[in-house]
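Reader: I have a model on my screen and a list of labels for it. Walk me through how each label is earned.

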Amino acid sequence: MSTDTAATPSTDDTSLGEPATPPRGPVTSASYSITVRLTADGDPASIGRIATAVGSAGGAVTAIDVVDSRSDGLTVDVTCSAADAAHSEEMVDALRAVSGVKVRKVSDRTFLLHLGGKLEVASRVPLKTRDDLSMAYTPGVARVCLALADNPDDVRRLTIKGNTVAVVTDGSAVLGLGDIGPGAAMPVMEGKAVLFKRFADIDAWPICLDTQDVDEIVRTVELIAPGFGGINLEDIAAPRCFEIEARLREKLDIPVFHDDQHGTAIVALAAMRNALRVVDKQLEDVKIVVAGGGAAGTAIVHLMLKAGARHVLVWDREGILSPDDERLSPAKRDLAERTNPQCLRGELPDALDGADVFIGVSAANVLPVEALARMAPKAVVFPMANPTPEVDPVRARQHAAVVASGRSDLPNQINNVLAFPGVFRGLLDARAREISDGMLLAAAEAIAGVVTDDQLNANYIIPSVFDPAVTQAVAAAVADQARQEPGATAPVTEDGDLVG
C-alpha cells in the first residue's frame with residue numbers, strides 16, 4: 001500500500017508521519033520500519049547494490065521480496081528498519097541513488113499496521129439457528145435480565161462485566177507526546193486493549209473522552225462503570241489524574257488503576273529489587289534519585305517508600321523538590337515533604353552525588369551522561385522516558401553496573417505490560433472492589449520473583465513480557481492479596497445450577 005494515503009504519509013513529508021525526533025539513537029527499530037517498492041534493471045548485481053545502499057545509510061535490511069520478474073528486470077519490495085523517521089528518509093535517498101534502480105513508493109509499516117484500527121468485537125456464542133437466537137436474545141435473554149435484577153452480584157458472572165476493563169483517557173499526557181487530544185490518543189488506547197487480550201485474555205475497550213474537566217470525567221466514568229469489572233486510567237496529565245483517581249475510588253465498587261502511576265511503579269520496583277540483588281545492596285540503605293515529579297514519579301516514590309526505601313530525592317523542572325520551595329504545586333510539595341526533609345536544593349546532577357539508583361520518568365535528554373560519574377560505585381540507572389530516555393542507555397553503561405530503560409531493543413526493558421495484564425487478571429478473578437498498596441507490592445514481588453537466581457545478571461533483571469509465567473505469577477499474587485484484605489472483594493455466588 002502506498003504512503004500517498006492519509007494514514008501513511010509519503011516520504012515527501014519530512015517526518016514520515018512522525019513528530020520531530022531528537023538526535024538518532026544507536027540502533028534501528030521495527031517502529032521505524034519501511035517497505036520500499038522499487039524496480040531494478042536486469043543486472044544480476046542489482047539486489048546486492050540495493051542491500052549495500054541500505055547498509056551504507058546505516059539501515060538494516062530485514063527482507064527483500066520479488067514482486068514481479070521479467071526478462072528486463074525485477075520489481076522488489078525491500079523492507080528495512082531505521083533508527084528514526086529522518087533515518088528512514090536517508091535510506092530512501094540512498095536507494096534512489098543506486099544505478100539502475102527506481103523507487104516507486106514507500107510504505108511506513110507502523111502506519112499500515114494501524115489502518116482500520118487494531119480491535120474488533122467477536123461473539124463468544126454461535127448464532128446459527130432460531131434456538132440460538134431465542135437464548136442469546138429475545139425471549140430467553142429476558143429471563144437472565146430478571147434474574148440479575150433480583151441478584152445484582154451475579155452480573156459479574158452472567159455478563160461480560162466479569163472480564164472487561166475500560167481504558168479511559170482524556171488525551172492530555174499521551175506517551176511522551178503531551179496533550180494531543182482524545183482522537184490522537186486512540187491508537188495508544190487500542191494498543192492497550194490489545195495487550196490486555198494478548199497477555200491476560202481480558203476484554204478491554206478504549207474510552208477516549210473529549211473533556212479535561214475533572215467533574216465531567218469522574219461523572220462519565222461513574223455512569224459507564226456498571227458495564228466494566230475495572231477501570232484503567234491512562235495518559236491523563238498530573239495533577240488532574242490524582243484527583244480523578246481518588247474520587248473514582250471513593251465512588252466505584254470496582255478497582256480503579258492508573259497505569260501511568262501504578263503500573264510504572266510496580267515494574268520499576270520489581271526491576272530495582274533485582275538490580276540491587278545484582279550489585280548486592282539493600283533497598284533501605286541506597287540513595288535513590290527520581291527524575292520527574294508527575295504521576296509516574298509520585299507513584300514510584302510512594303511504592304518504594306512503602307517497600308522500605310528511606311533515602312529518596314525527587315527532581316523536576318523546579319530543581320530538587322524541596323518543601324520550602326514556594327513555587328511547588330500542592331502535589332509536588334507533598335512529595336518533597338515525604339522525601340527531602342533536609343530541604344536540599346540543586347539540579348539533577350547535584351542530586352546524583354553519591355546516589356546508588358537513578359530512575360527517570362521525566363523527559364528526553366535531561367541528563368548529560370557525564371553526570372552519572374557522580375553516582376556511587378555499582379550504580380543502577382533506569383532512564384525510562386519514552387520515546388527518548390533521559391540519558392542514552394547505551395552510553396550510561398560506561399558509568400553504571402546495571403542499566404534498564406523502556407526500550408524494547410535493549411536489555412532490561414521496563415515495560416508496564418509486565419504488570420497491568422496480570423494485575424487486572426488477579427483483580428477480576430478475585431472480584432476485587434478496590435486495589436491497595438498491598439496488591440501493588442505483591443505484584444512487584446511476583447514480577448521480580450520470576451527471575452531466578454540462576455538467571456539473574458546485569459543484563460537480565462526483569463523477565464520478558466512474553467514469558468507466560470509473568471502474568472500467571474502477578475495474577476495469583478494480586479488475587480491472593482485481595483482475598484486477604486477485609487472488604488476488598490465482592491461476594492462470590494455459589495456455583496450450582498444456573499436457574500433464573
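**Labels and their reasons**

Author: Begin with Pro-239, which sits in the loop between strand E7 (230-233) and helix H9 (240-251). Keep in mind that this is a predicted model.

Reader: What makes the peptide bond from Ala-238 to Pro-239 cis or trans?

Author: Look at omega. It is near 0 degrees for the bond from Ala-238 to Pro-239, and that bond is cis. A second cis peptide bond joins Thr-138 and Pro-139, with omega about 5 degrees. Pro-139 is in the loop between helix H4 (130-136) and helix H5 (140-150).

Reader: Why point out such bonds, or a positive phi?

Author: Because most peptide bonds are trans, and most residues other than glycine have a negative phi.

Reader: Which value makes the phi of Asp-201 worth a remark?

Author: Phi of Asp-201 is near 55 degrees, which is positive, and the residue is not glycine. Asp-201 lies in the loop between H7 and strand E6 (203-208). Asn-412 also has a positive phi, about 60 degrees, and is not a glycine. Asn-412 belongs to the loop between strand E14 (402-403) and H15.

Reader: Are Asp-201 and Asn-412 buried or exposed?

Author: Asp-201 has a relative accessible area of 46%. Buried needs under 20%, and exposed needs over 50%. The value for Asp-201 falls in between, so this residue is partly exposed. Asn-412 has 5% relative accessibility, so it counts as buried.

Reader: On to the helices. Why are H7 and H15 called roughly perpendicular?

Author: Helix H7 (residues 181-200) and helix H15 (residues 420-429) pack at about 65 degrees, with their axes 9 Å apart. Roughly perpendicular covers 65 to 115 degrees. The pair therefore gets that label. H7 passes H15 in a right-handed crossing.

Reader: Which residues meet there?

Author: From H7, they are Lys-192, Leu-195, Phe-196, Phe-199 and Ala-200. From H15, they are Phe-420, Pro-421, Phe-424 and Arg-425. By class, the contact of H7 with H15 has seven nonpolar residues, no polar ones and two charged ones.

Reader: Why are H15 and H17 called oblique?

Author: Their axes cross at roughly 40 degrees and come within 7 Å. Roughly parallel needs an angle under 35 degrees, and roughly perpendicular starts at 65. The angle fits neither, so H15 and H17 are oblique to each other. H15 passes H17 in a right-handed crossing.

Reader: What makes up the contact of H15 with H17?

Author: H15 supplies Pro-421, Gly-422, Val-423, Arg-425, Gly-426, Leu-427 and Asp-429. H17 supplies Thr-471, Val-474, Ala-475, Val-478, Ala-479 and Arg-483. The classes are seven nonpolar, three polar and three charged residues.

Reader: Now the rings. How many aromatic pairs does the structure hold?

Author: Four. One of them is Phe-196 with Phe-424, at 5.4 Å centre to centre and 75 degrees between the planes.

Reader: What makes the pair of Phe-196 and Phe-424 edge-to-face?

Author: Ring centres must lie within 6.5 Å to pair, and planes over 60 degrees apart count as edge-to-face. The pair has 5.4 Å and 75 degrees, and passes both tests. Phe-196 is in helix H7 and Phe-424 in helix H15, so the pair ties together parts 228 residues apart in sequence. Phe-196 is buried, with a relative accessible area of 0%. Phe-424 is buried too, also with 0%.

Reader: Why is the pair of Phe-199 and Phe-466 called tilted?

Author: Their ring centres are 5.8 Å apart, and their planes are at 50 degrees. Stacked needs under 30 degrees, and edge-to-face needs over 60. The angle of 50 degrees meets neither, so the pair is tilted. Phe-199 is in helix H7, and Phe-466 is in the loop between helix H16 (437-450) and helix H17 (468-484), 267 residues apart.

Reader: How do you know which of these two rings is buried and which is exposed?

Author: Phe-199 has 13% relative accessibility and counts as buried. Phe-466 has 56% and counts as exposed.

Reader: Which residues form the ring cluster?

Author: Ring pairs link Phe-196, Phe-257, Phe-420 and Phe-424 into a cluster.

Reader: Last one. Why is Trp-315 called buried?

Author: Trp-315 has a relative accessible area of 12%. The cut-off is under 20%, so Trp-315 is buried. Trp-315 lies in strand E10 (residues 311-316). Trp-315 touches residues beyond four places away in sequence, among them Val-290, Ile-320, Leu-348 and Val-366.

Key:
Residues numbered from 1 in each chain as written. Predicted model: local features only at pLDDT ≥ 70, side-chain atom pairs only at ≥ 80, totals over all residues. Heavy atoms only, no water. Axes fitted to C-alpha atoms, helices over the stretch in contact; angles between N-to-C directions. Helix = DSSP H or I, 4+ residues; strand = E, 2+ residues; numbered from the N terminus. Parallel < 35°, antiparallel > 145°, perpendicular 65-115°, else oblique. Left-handed = near helix turned anticlockwise from the far one by under 90°. Contact = heavy atoms within 4.5 Å. Nonpolar A, V, L, I, M, F, W, Y, C, P; charged D, E, K, R; others polar. Phe/Tyr/Trp six-rings, centres within 6.5 Å; stacked < 30°, edge-to-face > 60°. Buried < 20%, exposed > 50% of the residue type's maximum accessible area, 1.4 Å probe, protein only.
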